[in-house]
Amino acid sequence: MVSFLRNHSVHFIFRMIAIPTVLITGFIVYFIASKTLHYKLEATYYPANRMLELYHDFDKDGYSEVIQALYNPQINHSHIIVIKHTGAIINEWVITGFCSFERDLRKQWIDFGDVNRDNFDELILFIQQNDSLFLTVIDVKNSENNHGKFIIQRSFLLKRSLQSIGLPWDIYYNHHAVVDLNNDGQVELVFTLVSGYSLSPRGIYVYDFKQKRIVHQYETNAALMGMDFFDLDGDGKKEIIASTYAGANFPSEAPQSDFYSWIFAFDDRLQPLFQPIKLYGFTSSFRGMGVRDGDERYILGFASDTGKSNEPARLLKINIKGKILKSLEIPIANKWTPYLFRFQDDSVLFIIVDQHNKVLCFNKHFKLLCEKQFKDRISFYTVVDLDHDGQKELLATIPFRLLVFDKNLNLLAQSVTNVGKTLPLVSIEADGKENNKKIHLSTDGSRAFYTFMAYPLYKNRKFLLALGLWIGLVLFLHFLNSNGIQFVVRWNAHSIIQKINQLGILITDDRGRVLLHNMAFFKKLNLKEVFEKGKPIKSQLENHAQLLALLEEAMKEKNEVKRSISINGNASAIAISPIRGWPGCVVGYYMEVLEKETDGVDERTKIWTNTIKKLAHDIKTPLSNIEVGVRTVKDSLEKHTMPPKNILIEDLDILSHEVKRITNIVRNFLKFVNLEKPRFQLSDIHQCINKSIAHFEAYWKNNFTIEVEFEEEMPPFYFDPQQLELVFNNLIKNALDALGENGKIIIRSSLIEDEVSQKPQRYCEIEVIDNGMGITKEKLMYIFDPDFTDKKEGSGMGLTIVKKIIEDHGGEIKVFSAQNLGTTFRILLPLKREVSEKDLN
């Protein structure tokens, strides 16, 4: 064995090292690619354009169209152009009235949505003219042929209030979204308006494209600056969570005054879900978003005051009824900017930037994910899947730099920009190439595109890992096919060595070359010559035709063969088995000389033999005592010298006691032999235990105590009350014997739920615990054997009967004990709520 391992060690070590080396190299490459070489941003600069540029894929073909817009205040006209990705103009419109084309997305009056459900988005415009606000919807799809089809043209929305006449109508915030609120398959336009000094209109509105009018509205003095749409109650309809800001255009005593920030939530008809919650005063704000955490849905919000009230910033968890479930104080400076982003898989990232450019990131469980410090002011914009890998990226800028982060705020890529401290307009363009997207940054003086792409090594990291695993697998299979038997032998070397002193073994490879043997193989077969390792065994078996024929049969059938053969006049049983590698191919053969069969009996027969022997021994002693007693009485009668009456009664008592002893021994044995199958009845297990306890009441008057701890919710179930009463009688009697003169017994019941199995099952667990002397490890091994007892007058059948009864009930019994620490018998019975007619009878 040693020489075998030594002779093949070089090749074996080489092959065993080569395979993990390939695999480890693949993992190292994958790790390096995943951790160091991420993405890059390639910049393309263009001349500045005085018109606003936005990008949107109207026709969903993977290429974004360009929307250029400019308002001319001299003639009060808004000029809009839509251009294909090829550069061709689709159409252009000149619309009378003011349309806000600010570079701040929050102040833009342009939106997009599939209004007529033709899988092609329309262009939606808010137009302000004189004292009214109008809505216009243009079908860009049909604009090339009919010079721009207006689905809705100048639909009246709102009129400024009379009390603001003479003041500029300063609508400084207009958040809007095209969304299917009530899950009816039709989208609505939801928008907020915040007038400044002109005070009104203010509120949140729902516009129905079919009816061409506002169908729901909620007007308030509060400043609603943003919305999040989320199904808070799980009914399929979206609720609206509004973000607010305290601008103090209204006095503090006005209803829902914007002197304070508020928490608002509405249903699809703009009915408040709860009474609006007033927060902090002037310059405070609230930013909220709907969150799902498993089956729980709630509002996650951030409230803070940037003024002088010294109110702490707080993360808030609010339910649909407006109850604040959780609040976490955030240690940040007064001046802050909050950002709230929703990623895939219901994950949420809450980012807070303070006045010192310190960034804190929290998840939806209020756990601080990271804390970072930037040298310059950082602004976050949006989350978007830039490279179509199913993971959204987070876009941000600092002066003269564009940054891309993952959802844990790990920097993926960055690029130098020509954008300084002025916040740029950020727009995303789909370029159709592998569904990748370009980032468009523009200011009044610059314009640039940034292509987000992975480094080749990182982009193909999964392929490289799969390739490395495939190469490793090929090498491993080659190793198994060419050296599989050596591998198997080494893998099982320990177990083979253990058998060397007992069995005669010989192992060959798949071509019959001898690899391993021991001397017992040759001694048991009475072979004088020893086979040479490395040489074919067939050439060494020329003088042993029967063994050679057996080997050839095994190699031909590739299955185990077992037969008795005669070698040199010695009859031996030989088994030859194929050794299989992966995937089931034969890599060698294992030959073993079997032990000669004896006339011995099986284990069960041995147990019964020992039981009968013990029974005969137990009966022999009392029979001898009876014989002596009878002979004494007979001699007295023959001599006519009767002993005194008291001595005669004492002798007869001894005879009676010995007869009873024999009767008990035979009765216990017959109980075990003729023990009937359980007769199942729907019964109360606690009642059965109490009945057994009642048999031993006399003991409790002395120095013994018994405690019961019953499971209150234990239901009745089917078992044999008489047989289980016998079980508890035996266990309590044994416990009393173990206690000696005093002690305590505890009987406990529990309800066990097995939810791991394919068919979940409930069990009743009964424990009988005593604090007696305990049982030694040596005795514990044989405690359930029929012939085992350590009592002077014990039959050794009690616990054997107990075990048989429990097993006949489909249960199991175990014993745990240690000397001087007591003993516990634990019974597990299936909680049968119904049984077959056969079991009942």
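In the predicted model, the crossing of helix 13 and helix 15 is left-handed. Two packed helices are described by the angle between their axes and the distance between the axes. For helix 13 (residues 721-739) and helix 15 (residues 798-808), the angle is about 145° and the axes are 9 Å apart. Helix 13 contributes Q723, L724, L726, V727, N730, L731 and N734 to the contact, and helix 15 contributes G798, L799, I801, V802, I805 and I806. By class, the residues of this contact comprise 9 nonpolar and 4 polar, with no charged residue.

The protein chain that contains this helix pair has 841 residues, of which 48% are buried. Its secondary structure amounts to 16 helices and 45 strands. Among contacts in the chain with a separation of 6 or more, 53% are between residues 24 or more positions apart.

A search of the whole structure for salt bridges returned 22. One of them pairs R513 with D509, with 2.6 Å between the closest N and O atoms. The two partners fall in separate accessibility classes: D509 is buried because its relative accessibility, 4%, is under the 20% limit, whereas R513, at 31%, is partly exposed. E42 and K40 form another salt bridge, in which the closest N and O atoms are 3.5 Å apart. Here E42 is partly exposed at 39% relative accessibility, and K40 is also partly exposed, at 26%.

A further salt bridge joins the side chains of E753 and R762, with an N to O distance of 3.0 Å. E753 has a relative accessibility of 45% and counts as partly exposed; R762, with 33%, is likewise partly exposed. Salt bridges with shared partners also link E709, R748, E765, E767 and R826 into one network.

R762 also appears in a pairing of positions separated in sequence. The C-alpha atoms of R762 and K832 are 8.3 Å apart, although the two residues are 70 positions apart along the chain. K832 belongs to the loop that runs between strand 45 (822-830) and helix 16 (837-840). With a relative accessible area of 24%, K832 is partly exposed, because this value lies between the 20% and 50% limits. When neighbours within four places in sequence are set aside, the contacts of K832 are F680, F717, Y718 and H809.

A second loop residue, N357, lies between strand 24 (348-354) and strand 25 (358-362). In contrast to the partly exposed K832, N357 is buried, with a relative accessibility of 12%. N357 is assigned to this class because 12% is under the 20% limit. Beyond its neighbours within four places in sequence, N357 contacts K372, Q373, F374, K375, D376 and R377.

Backbone geometry was also examined. Most residues other than glycine have a negative phi, and most peptide bonds are trans. The peptide bond from S200 to P201 is cis, with omega near 5°. P201 is located in the loop between strand 12 (188-195) and strand 13 (202-208).

Positive phi values occur at R117 and N119. For R117, which is not a glycine, phi is about 55°. N119, also a residue other than glycine, has a positive phi near 60°. R117 is part of the loop between strand 6 (110-113) and strand 7 (122-129), and N119 likewise lies between strand 6 and strand 7. Their accessibility classes are not shared: R117 is partly exposed at 44% relative accessibility, while N119, at 62%, is exposed. The assignment of N119 follows because 62% is over the 50% limit.

An unreviewed UniProt entry annotates residues 537-564 as "coiled-coil region". In the model, 46% of this span is helix and 14% is strand. The C-alpha atoms at the two ends of residues 537-564 are 19 Å apart.

Technical notes: Residues are numbered from 1 along each chain as its sequence is written. This is a predicted model: local features need pLDDT of at least 70, side-chain atom pairs count only at pLDDT 80 or more; totals for chains, interfaces and linings use all residues. Side-chain values use heavy atoms; hydrogens and water are left out. A salt bridge is a side-chain nitrogen of Lys or Arg within 4 Å of a carboxyl oxygen of Asp or Glu. Buried means under 20% relative accessible area, exposed over 50%, partly exposed in between (1.4 Å probe, protein chains only). UniProt positions are given in the numbering used here, feature names are shortened, and annotations may be inferred rather than shown by experiment. Helices (H or I, at least four residues) and strands (E, at least two) are DSSP runs, numbered from the N terminus. Axes are lines fitted to C-alpha atoms, for helices over the stretch in contact, and angles run from 0 to 180 degrees between N-to-C directions. A crossing is left-handed if the near helix is turned anticlockwise from the far one by less than a right angle, and right-handed if clockwise. Contact means heavy atoms within 4.5 Å. Ala, Val, Leu, Ile, Met, Phe, Trp, Tyr, Cys and Pro count as nonpolar, Asp, Glu, Lys and Arg as charged, and the others, Gly among them, as polar.
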